[in-house]
Amino acid sequence: MDDSDFYIRRLDFPNRSVKAITFPNDDGTFDIYLNTLYPESELQTALAHELRHIRLGHFYSDAPIAQKEAEADGKPAAPSVRSIPLFNTPQELGKWMK
């Protein structure tokens, strides 16, 4: 693991759609939320997955999501046939088109 600080927060999510989710903070730390609707054994696996995302720098990478998820699961990523860029604003799209 790198020198990133992280905070683990446990709470009941509204449903069981995800086991855990991580948010990067402006100060370089991360908040990892664990869905307590799941058993502890599954949460430990989910926590390890989220920590691999942090260690591998996925929050600062433009790699395809499928690749990031495979890497966080400890599996080799399937080769991508093509990459479709994602733009959060029209300005980002305009810059990419230049």
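The largest nonpolar core in this predicted model has 10 residues: Ala-20, Phe-30, Ile-32, Leu-34, Tyr-38, Leu-43, Ala-46, Leu-47, Leu-51 and Ile-54. Two elements, β3 (30-35) and α1 (40-55), each supply at least two residues of this core. The biggest contribution is that of α1, with five residues.

Leu-43 is one of the core residues. Leaving aside residues up to four places away in sequence, Leu-43 touches Arg-10, Lys-19, Leu-34, Asn-35, Thr-36 and Tyr-38. Of these partners, Leu-34 and Tyr-38 are also listed in the core.

**Fold and confidence**

The chain has three helices and three strands. Along the sequence they follow the pattern β-β-β-α-α-α. Among contacts between residues at least 6 apart in sequence, 38% join residues at least 24 apart.

Mean pLDDT for the chain is 89, and 89% of the residues reach 70 or more. Among the elements, β3 has the highest mean pLDDT (98), while α3 has the lowest (83). Where pLDDT is low, the predicted coordinates should not be read in detail.

**Surface and burial**

Of the 98 residues in the chain, 22% are buried. The accessible surface of the chain comes to about 7200 Å², and carbon and sulfur atoms account for 55% of that area.

Two residues illustrate the two sides of the burial scale, for which buried means under 20% relative accessible area and exposed means over 50%.

| Residue | Location | Relative accessible area | Class |
|---|---|---|---|
| His-58 | loop between α1 and α2 (65-72) | 6% | buried |
| Trp-96 | helix α3 (residues 90-97) | 55% | exposed |

His-58 counts as buried because its relative accessible area is 6%. This histidine sits in the loop between α1 and α2. Not counting residues up to four places away in sequence, His-58 touches His-53, Lys-68, Glu-71 and Ala-72. Lys-68, Glu-71 and Ala-72 fall within the range given for α2, 65-72, and His-53 falls within α1 (40-55).

Trp-96 counts as exposed because its relative accessibility is 55%. Together with Leu-93 and Met-97, Trp-96 makes a nonpolar surface patch of about 360 Å². Trp-96 lies in helix α3, which spans residues 90-97. This helix is the element with the lowest mean pLDDT in the chain, at 83.

Definitions and conventions:
Residues numbered from 1 in each chain as written. Predicted model: local features only at pLDDT ≥ 70, side-chain atom pairs only at ≥ 80, totals over all residues. Heavy atoms only, no water. Patch = residues over 30% accessible without salt bridge, like charges linked within 9 Å, V, L, I, M, F, W, Y side chains within 5 Å. Areas by Shrake-Rupley, 256 points an atom, 1.4 Å probe, with all protein chains shown as cover. Salt bridge = Lys/Arg side-chain N within 4 Å of Asp/Glu carboxyl O. Helix = DSSP H or I, 4+ residues; strand = E, 2+ residues; numbered from the N terminus. Buried < 20%, exposed > 50% of the residue type's maximum accessible area, 1.4 Å probe, protein only. Core = buried A, V, L, I, M, F, W, Y, C linked by side-chain atoms within 4.5 Å. Contact = heavy atoms within 4.5 Å. pLDDT = per-residue confidence, 0-100.
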